[in-house]
Amino acid sequence: MDISYVIGVDFGTDSVRSVLVSTADGTEIATSVFEYPRWKAGLYCNPAQNQFRQHPLDYIEGLEYTIRSCVTQAGNTIAKNVVGISVDTTGSTPVAVDQQGMPLSLRPEFADNPNAMFVLWKDHTSVKEAAEINTHAGRFETNYLQYVGGIYSSEWFWAKLLHIFRQDEQVRQATHSWVEHCDWIPFLLCGGNHVTQIKRGVCSAGHKSLWAAEFGGFPPNDFFASLDPLLDGFTGKLPAETFTAAQGAGTLSASWAEKLGLATNVVVGIGAFDCHMGAVGGQIEPYYLSKIIGTSTCDILVAPKSEMAGKLVQGICGQVDGSVIPGMIGLEAGQSAFGDAYAWFKNLLIWPLKALMGGFDQKVSTDVAERLEKQILVELSKQAALLTPSTDSELAIDWLNGRRTPDANQLLKGAIMGIDLASDAPRLFRALVEATAFGAKKIVDRFIEQGIPVKGLIALGGIPRKSPFVMQLMADVIGMPIKVHRSEQTCAIGAAMFAATAAGVFSCVEEAMQQMGQGFDMEYHPNLQHTAIYAKRYTQYSRFGDFIETQITI
């Protein structure tokens, strides 16, 4: 019997990665990465205004390049036995599309219009609209925010749509629908040519778009029309039916099959967000908090439906039936900045060097700067690890990109206190790492306070594998063991598991997890002596955060 293979595609913030794996044991046969060229050049973004947009051509070019590269590496024999492709993406990252389902920025008249592009998850231009949605929801007898933690975020679907409609009449007039990145890519691969053919995943719809089976779909038109007449009738452009990622969206179109070197009978799975598929790739278990740690974090927990009856967790990013594992409730939380906080500090330190090296040979100066950039965080971690935890040291707040959970507020800012003339780079870096760990503990505490037990933590991604200092400190702060998954590509592997399930290789995603999972190879246990000190530091962090929050007004 021939072994079958599947492809998982992981669209991240900076790049897209595809992996081709065996369904027999999850062995990675080939992998390929494509950095988004327009994004890398800083096009269509304005960080000062929290505007982060991505052009669909970055996604399309990366999709073709990485899959084709994997197929070429694997060879014709394996390519003939590829049975499925599934994708995960960042989210909420929606885009305005025309009647044919084409993103408006692929049309000549909108080619350079950021409002016609994908609005990246970390775009916070719609904080005003999110605040209006939260106030507006309180006027209705039905609590339409109950399944998204009671607070709607500027990172999400409706706030971004309303902001774009208010800002850009031309885009509004041309918009036939508003589609998440994870829902659009399967439509593209299947050769869709009309917006009605786009299948919406329950993951994106439930966590970011206010879809709930209990509402019969989305909130009624009156909810949106009374919020702003610009939204009147828009829910009529969205399908009431949603699908789990274990289901198929269709099969590969002839055009895409030719581009990729695959057959037209390859099943394309329903898409989902990166953290949800990553949790599956990381072999999540009920009541273990799965932390996908990168530029930000996304925290996923699953619980049996029967044990979640009557429980609504406040201040998280939603709880949705089947958003992670069909038949279980998926709960999502996360931090808006994690690796991004460290990258900010690295960029701050290296800026003088880059500025002063302008007069030197460009190639030499570029090479030196690149080498130093790669070494700065490694050396900072080494030196920060030598410092003894203390209640008197510098203290930071990790809201450099706002706060995702608990209790979303994208207006919040980061802060550092307790600086003196002895404060050096390692001490400030340690304060930032402590802050991100304290932010992680806030999420754990919120689940526990609201009756959801957390038995332990599962860490996924590059930072858990590359930074023992960060992971040990987090274990010390939270006071729980942290298991680190063997694979750095758990999001792409999770997508591959869903592809295998959608293609019928496995009857359920749990079977795919068991057969294709790669297991864990590291575990961090809390140093109880440090945990006691961090408990006092955590109180300081909470009080400092409360003070910072009182200074912010809309």
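**Exercise 1. Describe the hairpin that strands β14 and β15 form.**

Solution. Strands β14 and β15 make a hairpin with 6 residues between them, and Gly322 in the turn has a positive phi of about 85°. Helices (H or I, at least four residues) and strands (E, at least two) are DSSP runs, numbered from the N terminus. The model is predicted: local features need pLDDT of at least 70, side-chain atom pairs count only at pLDDT 80 or more, and totals for chains, interfaces and linings use all residues. Residues are numbered from 1 along each chain as its sequence is written, and side-chain values use heavy atoms, with hydrogens and water left out.

Next, take the pairing (two strands pair if DSSP finds at least two bridges between them). Strand β14 (residues 319-321) runs antiparallel to β15 over 3 bridges. Gln319 has Leu331 in β15 as its bridge partner.

**Exercise 2. Find how β15 pairs with β13, and state whether the residues of β15 are buried or exposed.**

Solution. Strand β13 (residues 297-304) is joined to β15 by 8 bridges, in the antiparallel sense. Within β15, Gly334 stands opposite Cys298.

For burial, the classes are buried (under 20% relative accessible area), exposed (over 50%) and partly exposed in between, with a 1.4 Å probe and protein chains only. In β15 (residues 328-335), 8 of 8 residues are buried. Both faces are covered: one side carries Met328, Gly330, Glu332 and Gly334, the other Ile329, Leu331, Ala333 and Gln335.

**Exercise 3. Which cysteines form a disulfide, and why do Cys70 and Cys190 not form one?**

Solution. A disulfide is a pair of cysteine sulfur atoms within 2.5 Å. The count by this rule is 1. Cys275 and Cys298 are joined, S to S 2.4 Å. This pair links distant parts of the chain, 23 residues apart: Cys275 lies in helix α11 (residues 274-281) and Cys298 in strand β13. Both Cys275 and Cys298 are buried.

Cys70 has no bond because the closest cysteine sulfur, in Cys491, is 16 Å from its own, too far. Cys70 is buried, at 0% relative accessibility. For Cys190, the closest cysteine sulfur is in Cys182, at 14 Å, so a bond is ruled out by distance. Cys190 is partly exposed, with a relative accessible area of 23%.

**Exercise 4. Which residues line the largest cavity?**

Solution. The lining consists of Phe157, Glu180, Asp183, Arg200, Ser204, Ala205, Ser209 and Phe218.

How values were computed
1 Å grid on protein atoms, 1.4 Å probe; cavity = no way out; pocket = protein on both sides within 12 Å on 5 of 7 lines; lining within 4 Å.
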